[in-house]
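Good morning, colleagues. Please have the sequence and the coordinates open before you, as I shall move from the sheets to the ligand and then to a few single residues.

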Amino acid sequence: MIRVENVTYGYGEESILKDISFKEKENGITAVWGRNGAGKTTLMKLLAGHDKPNKGIVEIMGTAPYNRAEVVQSVCYMQEDHPFSSIWNVKDSLRFGQYYYSNWDMDMANRLLKIFRLDENKKISKLSKGMKSALQFIIGISSNAKITILDEPSNGLDANMRKKMYKIIRESQEQHPRLFLVSTHHIEEIQQICDSILVIHDKEVFIHEPIDEIRECGIWLVGDKNTIEKVTDGQYVLEASELGSRLKVMVDVPFNEKWKEIASLHGLSIEKVKLQDYLLNKTEEAE
Ligand SMILES: Nc1ncnc2c1ncn2[C@@H]1O[C@H](COP(=O)(O)OP(=O)(O)OP(=O)(O)O)[C@@H](O)[C@H]1O
């Protein structure tokens, strides 16, 4: 569905993405994660055909999307702070969605307006940040586009609304199987509904894996300093803090039976690292 091969892109001299390659072959939900300014939006714009790579190939269902209206029809890209017309109200934006996307579902759009408590007669320019995010999200879901790209859809939404949003993405993906790419800083929350994760770091695709694999990565060990140093010898320690004679370390190994046994044998406490903390440390380590 998506092919990105040796793509380099920069707004000026300096490249933001350098020689990146990845494929998305199947329907599902992929979380796109990266530190601020890593290049998530830049990548999404290339996929949506808004920009053209300086080098390399971007293909959506076998065709380069840049300036190709027929390809862009299969891609709904809801960018952060989408530029709606200043004279439109909420209903106008839904009418536009209906006109633009051939698989548009107006019943779904109306149902979602109620869930997110959006007044269809309200001017978009008068919506709060969270309400505008909700509207963009509603358009993304109702488009039923084969590739639906949501850039920071939860921007400005409270925890309750974010929870609703994740549930709706999963249900929509199951009812209308397609590929969702969702960029987010709330990786801990969204990982529960994702099939895979794509991490952009240091201008590259740093991680692109099924979420189940990455979810198991990283353990916290706490206990006697000398014992911890012995059992973690030769392993990647991502973070360490001393608590008197005790040590707390984050180790880049899977939270599996082997490590649970090692911990129990040496009287150490063991815990799974949160995905967000693991990724923060991994991208720090690679800096
Ligand atoms: N139109 C532009 N002109 C020049 N530089 C830009 C432009 N848009 C983005 N950049 C730069 O490109 C880099 C990547 O930005 P991008 O918005 O893709 O990152 P991001 O991962 O989406 O960040 P965030 O999580 O903060 O939204 C940043 O250094 C940013 O300043």
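Before the first sheet, one term is needed: two strands are said to pair if DSSP finds at least two bridges between them. With that in hand, consider the open sheet of 6 strands in this predicted model, whose order is β5-β6-β7-β3-β8-β9 and whose pairing is mixed. At its edges stand β5, residues 75-78, and β9, each pairing on one side only. From one strand to the next, the twist averages 15°.

Within this sheet, let me point to β3, residues 28-33, and β7, residues 179-183, which pair in the parallel sense over 5 bridges. One position to locate on the screen is glycine 28, whose bridge partner in β7 is leucine 179.

Some overall figures may help with orientation. The chain has 287 residues, of which 48% count as buried. Its secondary structure comes to 11 helices and 13 strands. Taken along the principal axes, the C-alpha atoms fill a box of roughly 65 × 45 × 30 Å.

I turn now to another sheet. Here 3 strands form an open sheet in the order β2-β1-β4, with antiparallel pairing. The edge positions are held by β2, residues 17-24, and β4, residues 55-60; each has a single partner strand, so one side of each is left without a neighbour in the sheet. Neighbouring strands of this sheet are turned by 15° against each other on average, with direction ignored. Strand β1, residues 2-9, is joined to β2 by 5 bridges, and the two run antiparallel. In that pairing, valine 4 has phenylalanine 22 of β2 as its bridge partner.

A third strand arrangement deserves attention, and it concerns β10, residues 217-224. Which part of this strand is covered? Of the 8 residues of β10, 7 are buried, so the strand is largely enclosed by the rest of the structure. Strand β10 pairs with β12, residues 246-254, in the antiparallel sense over 7 bridges, and valine 222 has lysine 248 of β12 as its bridge partner. Strand β10 is also joined by 4 bridges to β13, residues 269-272, again running antiparallel. There, the bridge partner of tryptophan 220 is glutamate 271. As a general remark for those following the side chains, in a regular strand they alternate between the two faces of the sheet.

Let us proceed to the ligand. Which residues surround it? They are Tyr11, Ile16, Arg35, Asn36, Gly37, Ala38, Gly39, Lys40, Thr41, Thr42, Glu80 and His185. This shell divides into 3 nonpolar, 6 polar and 3 charged residues.

Oxygen atoms of the ligand come into polar contact with the protein at several places. At threonine 42, an N or O atom of the side chain lies 2.5 Å from a ligand oxygen. At threonine 41, the corresponding separation, again to an N or O atom of the side chain, is 2.8 Å. At alanine 38, a polar backbone atom is 3.2 Å from a ligand oxygen. Taken alone, the ligand exposes 630 Å², and the protein buries 58% of that.

Two residues of the ligand shell, Lys40 and Thr42, also appear among the buried residues of helix α1. This helix, residues 40-47, is mostly covered, with 6 of its 8 residues buried. The buried residues are Lys40, Thr42, Leu43, Met44, Leu46 and Leu47. Just after α1, glycine 49 takes a positive phi of about 80°.

Finally, some individual loop residues. Glutamate 152 is not a glycine, although its phi is positive, at about 50°. This residue is found in the loop between β6, residues 147-151, and α6, residues 159-175. Is glutamate 152 buried or exposed? Its relative accessibility is 9%, and because buried means under 20%, glutamate 152 counts as buried.

Lysine 203 also has a positive phi, near 70°, in a residue other than glycine. Its place is the loop between β8, residues 196-201, and β9, residues 204-210. At 27% relative accessibility, lysine 203 counts as partly exposed.

Aspartate 195, in the loop between α7, residues 187-190, and β8, is likewise partly exposed, at 35% relative accessibility. The C-alpha atoms of aspartate 195 and leucine 113 are separated by 27 Å, and the two residues are 82 residues apart along the chain.

Definitions and conventions
Residues are numbered from 1 along each chain as its sequence is written. Side-chain values use heavy atoms; hydrogens and water are left out. A residue is near a molecule or strand if one of its heavy atoms lies within 4 Å of it. A polar contact is a pair of N or O atoms within 3.5 Å; within protein, one must be able to donate a hydrogen and the other to accept it, and residues adjacent in sequence count only if both atoms are side-chain atoms. Accessible areas come from the Shrake-Rupley method with a 1.4 Å probe; for residues, only the protein chains shown count as cover. Ala, Val, Leu, Ile, Met, Phe, Trp, Tyr, Cys and Pro count as nonpolar, Asp, Glu, Lys and Arg as charged, and the others, Gly among them, as polar. Axes are lines fitted to C-alpha atoms, for helices over the stretch in contact, and angles run from 0 to 180 degrees between N-to-C directions. Buried means under 20% relative accessible area, exposed over 50%, partly exposed in between (1.4 Å probe, protein chains only).
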